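Reader: I have the sequence and the coordinates open side by side. Could you walk me through the contacts between the chains, and then through a helix?

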Amino acid sequence: MATLTMISLLIVAGLIGAWELYTHVGGVDEFLLPAPSAVAEALVEDRGLLWENFVVTAGEIGLGIGVAVALALACAVALHFSADLRRALYPLLVGSQTIPIPIVAPLLVAWLGFGLAPKLAIVALVCFFPIVVPTIDALARVDADLRKLMRSFGASRWQTFRLVEAPAALPGLFTGAKLSVAFATFAAILAEQSGSENGLGHLVAQAIPQFETARAYAAVLILSAFAVALFGLLALAERRLAPWHRPGGVLAVGERRLPVDPHR
Amino acid sequence: MQTRIQAPETAPATRIEAGGVRLEGVTKAFPGRRRGADEVIALQGVSLQAAPGETVAVVGPSGCGKTTLLEIACGLIAPDGGTVDAAPAALMAQRDLLLPWAGALDNAGLALRAAGASREEAREEARPLLRDFGLEGFERARPHELSGGMRQRVAFLRTLLSGRPVLCLDEPFGALDAITRHEMQAWLAGALAREPRTVLLVTHDVEEALVLADRVLVLSPRPGHVVATLEVGAPRPRRRTDPELVALRERALQELRA
């Protein structure tokens with residue numbers, strides 16, 4: 001394990017070193033490709049500016065995913081309860097994913113203005129599909145025998161949902177939410193570049209014509225770090241809220257010692 | 001064929017309200033798997049009676065409609081023909097079907113939750129049973145932390161806690177290894193002695209049926225119908241080597257081969 005960490009650290013260090021060397025020896029214009037050291041410098045020097053804009057973008061991503069989760073959950077439950085609704089709406093769901101976001105984004109900005117609203121709309125639109133599909137799937141894949149068992153206990157449709165199907169769908173919801181982190185980052189930047197007054201996407205769009213390339217790279221670095229952290233946070237929440245999903249992982253993290261079965 | 005589909009002419013011999021089961025000439029067919037295929041007749045004129053507190057076992061080859069019979073007794077599916085007169089029944093399957101996210105206590109209390117009890121009420125009611133049936137200390141253990149035998153015990157307690165007078169056990173120990181299966185049969189016999197219920201036990205293990213049941217019905221291959229009824233009078237607790245059981249076992253196996 002320690003060796004593996006060492007190896008990946010060495011690879012990253014090697015890549016950064018090669019990049020640094022290339023910018024110095026290769027004679028590349030620093031406005032075209034800044035050295036890693038220049039990016040690090042920009043991170044420190046522009047920290048106030050970067051932070052200010054990061055908070056805006058992080059808010060758009062976080063809130064956008066929140067909106068997408070809420071909509072996807074409501075939609076998944078509705079479709080789960082009604083076969084008619086499922087048949088009627090499933091093609092529309094797939095359709096929502098074929099909307100060309102880069103074309104729609106400026107239209108949404110023109111309609112909703114430069115504020116938070118169009119960003120939330122775009123992030124939620126992009127994230128909705130990857131969340132709703134695994135959630136519906138997890139709800140539908142609940143063991144038919146388990147449903148039969150609940151019926152033999154006289155459980156109502158709602159009780160079966162609350163006691164069996166909803167908890168069973170939790171891992172599906174988490175899978176979708178984790179996937180959506182990657183899409184949300186991309187969507188938020190796209191939305192900001194389509195028209196905004198702040199945010200990291202806006203900062204990058206401004207930094208390039210101002211020849212502040214290092215600042216643009218710093219912004220990208222911050223955004224990637226944020227996406228990775230958000231993904232890790234969701235994975236952690238999943239492990240706390242749905243630990244049965246990966247029993248091996250739970251056992252590795254810390255197994256309760258169980259008393260010995262007196263009947264064995 | 002011993003039985004034909006017909007309306008019962010005699011008055012019910014079992015008192016259903018006290019927890020008995022009476023099936024008369026039950027028939028069930030399923031549509032064929034492929035389009036245009038003939039329908040599959042699962043059960044053809046099966047009659048079965050269990051007086052309150054009796055254990056009736058049904059043995060037969062795979063695919064003879066044993067599970068269908070239990071689902072009909074539980075009211076999960078309707079028969080095509082015949083009459084069903086059964087007190088409320090709860091089903092226990094070969095697969096334990098425990099909820100992976102719930103501890104043993106909450107799994108055992110699932111039927112109570114389904115009946116509208118709060119989590120606390122269900123736990124309160126399930127706790128003493130877990131203690132009495134050798135699962136003390138495992139209340140919070142999730143299914144993957146339990147052995148196969150313990151999981152089946154939790155599943156059985158869940159069935160028991162449904163409060164239904166009739167328990168329909170569908171090959172409850174079929175997924176266990178031979179040693180654990182023998183242990184669980186003894187455990188179940190003890191559990192039923194403490195908590196008497198009417199039991200319909202479906203199994204392909206003739207010995208299991210003879211050790212546990214008051215009466216054993218032998219079903220034919222599909223379409224399933226009763227080819228023999230064996231009364232088991234041996235006193236409990238029973239031993240596999242009991243001469244009566246050995247003789248009955250030979251008879252049952254003979255009927256199954258016929």
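Reader: Let's begin with one side chain: does B:Arg95 count as buried, partly exposed or exposed, and at what relative accessibility?

Author: Happy to start there, and please keep in mind that this is a predicted model. Buried would need a value under 20% and exposed one over 50%. B:Arg95 falls between these cut-offs, so the residue counts as partly exposed, with a relative accessibility of 43%.

Reader: Which residue forms a salt bridge with B:Arg95?

Author: The closest N and O atoms of this pair are 2.1 Å apart, and the rule asks for a distance within 4 Å. B:Arg95 sits in the loop between strand S5 (89–92) and helix H2 (104–108) of chain B, while its partner is in the loop between helix H6 (116–140) and H7 of chain A, so the pair joins two chains. The partner is partly exposed, with a relative accessible area of 24%. The residue you are after is A:Asp143.

Reader: Where does the salt bridge of A:Lys148 and B:Glu71 run from and to?

Author: In this pair the side chains meet at 2.7 Å, N to O. The bridge crosses between chains, starting at A:Lys148 in helix H7 of chain A and ending at B:Glu71 in helix H1 (residues 66–73) of chain B.

Reader: And is B:Glu71 buried or exposed?

Author: Its partner A:Lys148 is partly exposed, with a relative accessible area of 22%. The cut-off for buried is under 20%. B:Glu71 has 12% relative accessibility, so this residue counts as buried.

Reader: How many salt bridges does the rule find across the interface of chain A and chain B?

Author: Over all chains the count comes to 25 salt bridges. Across the interface the rule also finds seven residue pairs in polar contact. For salt bridges across the interface of chain A and chain B, the number is three.

Reader: Which helix gives the largest share of the side of chain A that touches chain B?

Author: Helix H7 (144–152), helix H8 (157–193) and helix H11 (247–254) of chain A each supply at least two residues of that side. The largest share is seven residues, and it comes from H7(A).

Reader: What is the area buried between chain A and chain B?

Author: The contact involves 29 residues of chain A and 34 residues of chain B. Carbon and sulfur atoms give 61% of the buried area. The area itself is about 2,900 Å².

Reader: Within chain B, how many residues apart are B:Arg240 and B:Glu207?

Author: Their side chains meet in a salt bridge at 3.1 Å, N to O. The pair links distant parts of the chain, with B:Arg240 in the loop between strand S9 (226–231) and helix H8 (243–257) of chain B and B:Glu207 in helix H7 of chain B. Along the chain they are 33 residues apart.

Reader: Now the helix: how far apart are the end C-alpha atoms of helix H6 (residues 178–194) of chain B?

Author: At 1.5 Å a residue, the 17 residues of this helix should span 24 Å. The distance in the model agrees with that expectation, at 25 Å.

Reader: Which strands and helices do the buried residues of H6(B) pack against?

Author: The buried residues include B:Met184, B:Trp187, B:Leu188 and B:Ala191. An α-helix has 3.6 residues a turn, so residues three or four places apart point the same way. The buried residues of H6(B) pack against these elements of chain B: strand S3 (55–59), helix H5 (148–160), strand S6 (166–170), strand S7 (198–203) and helix H7 (206–212).

Conventions. Residues numbered from 1 in each chain as written. Chains lettered and ligands numbered in written order. Predicted model: local features only at pLDDT ≥ 70, side-chain atom pairs only at ≥ 80, totals over all residues. Heavy atoms only, no water. Helix = DSSP H or I, 4+ residues; strand = E, 2+ residues; numbered from the N terminus. Expected span 1.5 Å × (residues − 1). Buried < 20%, exposed > 50% of the residue type's maximum accessible area, 1.4 Å probe, protein only. Contact = heavy atoms within 4.5 Å. Buried area = accessible area lost by both parts, 1.4 Å probe. Polar contact = N/O pair within 3.5 Å; in protein donor to acceptor, adjacent residues only side chain to side chain.
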